[in-house]
Amino acid sequence: MVLAAVSHPVAEERPAAHGDALNLVRAAIAEAAEPEAAAQRVVDLLHERFPNYDWVGIYWVDGDDLVLGPWTGPEATDHTRIPIGTGVCGAAAASGRTEIVPDVKADPRYLACFASTRSEIVVPIFEGAEVVGEIDIDGSDLDAFGSTDALFLEEVAAFLAQLRPRA
Ligand code: SME
């Protein structure tokens, strides 16, 4: 008997590169000796595999602030502590919604980090209903991020929740 193929719309739309990267994220987390090393590996993987992900970092919530955790990219940022509610990062943490900024110069919330940045995506990391951190990615092209990046990075964020630093 031939069973009807049941396809999952999200999986069908997901580019192969995103599926491969999710498998690598899963494996990196399973293999890492401790959470900080796992989070660093995930950030490195995202940076290596997606040429438009020019700077990739994770901020973790610490009280009323976001504090920079692992990152990889051409330069360090001065924004290592951002109050929740400030900047694009702070807006995403306050609302719990993914922020896609196609042109950072056109967004008054944007906190400048790098002269090369033209666009940005920020994806909250949840533990239950609570935002515990976020993935922040800067791009050197205008409009470097779209809804497939958002869906993919929301899946990555779901894996990252277990790696958050605990007091
Ligand atoms: N641009 C961010 C600040 C973080 S840096 O991009 C690394 C913002 O507007 O919140």
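Sorted by class, the shell around the ligand comes out as eight nonpolar, two polar and three charged residues. Keep in mind that this is a predicted model. In total 13 residues surround the ligand, and the closest are V88, C89, L111, C113 and E120.

Which element gives the most to that shell? It's α4, with three residues. The elements that supply two or more shell residues are β1 (55-62), α4 (87-95) and β6 (130-139).

Now for the polar side of things. Three of the close residues put backbone atoms next to ligand oxygens, as tabulated here.

| Residue | Protein atom | Ligand atom | Distance |
|---|---|---|---|
| V88 | backbone N or O | oxygen | 3.0 Å |
| C89 | polar backbone atom | oxygen | 2.8 Å |
| L111 | backbone N or O | oxygen | 2.8 Å |

How much of the ligand does the protein bury? On its own the ligand exposes 310 Å², and 100% of that is buried by the protein.

That brings us to the space the ligand occupies: it sits in the largest cavity. If you search the whole structure for cavities of 30 Å³ or more, you get just one. The largest cavity has a volume of about 80 Å³, and 13 residues line it, with I82, C89, L111, E120 and D136 closest to its centre. C89, L111 and E120 turn up both here and among the residues closest to the ligand.

As for secondary structure, α4 and β6 are the elements that give two or more residues to the lining of this cavity. The largest share is from α4, which puts in three residues. By class, the cavity lining splits into seven nonpolar, three polar and three charged residues.

There's also an open site to look at. The largest pocket has a volume of about 180 Å³. Its lining is made of E34, P35, E36, A39, Q40, W60, G69, P70, L163, R164 and P165. Which elements supply at least two of these lining residues each? They are α3 (35-49) and β2 (65-72), and α3 has the largest share, with four residues. In class terms the pocket lining holds six nonpolar, two polar and three charged residues.

To put the two sites side by side: α4 leads the lining of the largest cavity, where the ligand sits, whereas α3 leads the lining of the largest pocket.

Terms used. Residues are numbered from 1 along each chain as its sequence is written. This is a predicted model: local features need pLDDT of at least 70, side-chain atom pairs count only at pLDDT 80 or more; totals for chains, interfaces and linings use all residues. Side-chain values use heavy atoms; hydrogens and water are left out. A residue is near a molecule or strand if one of its heavy atoms lies within 4 Å of it. A polar contact is a pair of N or O atoms within 3.5 Å; within protein, one must be able to donate a hydrogen and the other to accept it, and residues adjacent in sequence count only if both atoms are side-chain atoms. Accessible areas come from the Shrake-Rupley method with a 1.4 Å probe; for residues, only the protein chains shown count as cover. On a 1 Å grid over the protein atoms alone, a cavity is a set of points where a 1.4 Å probe fits but cannot get out, and a pocket is an open set with protein on both sides within 12 Å along at least five of seven lines; lining residues have an atom within 4 Å of a point. A molecule sits in a cavity or pocket if more than half of its atoms lie within 2 Å of its grid points. Ala, Val, Leu, Ile, Met, Phe, Trp, Tyr, Cys and Pro count as nonpolar, Asp, Glu, Lys and Arg as charged, and the others, Gly among them, as polar. Grid points are joined across faces, edges and corners, and a volume is the space filled by probe spheres set on the points.
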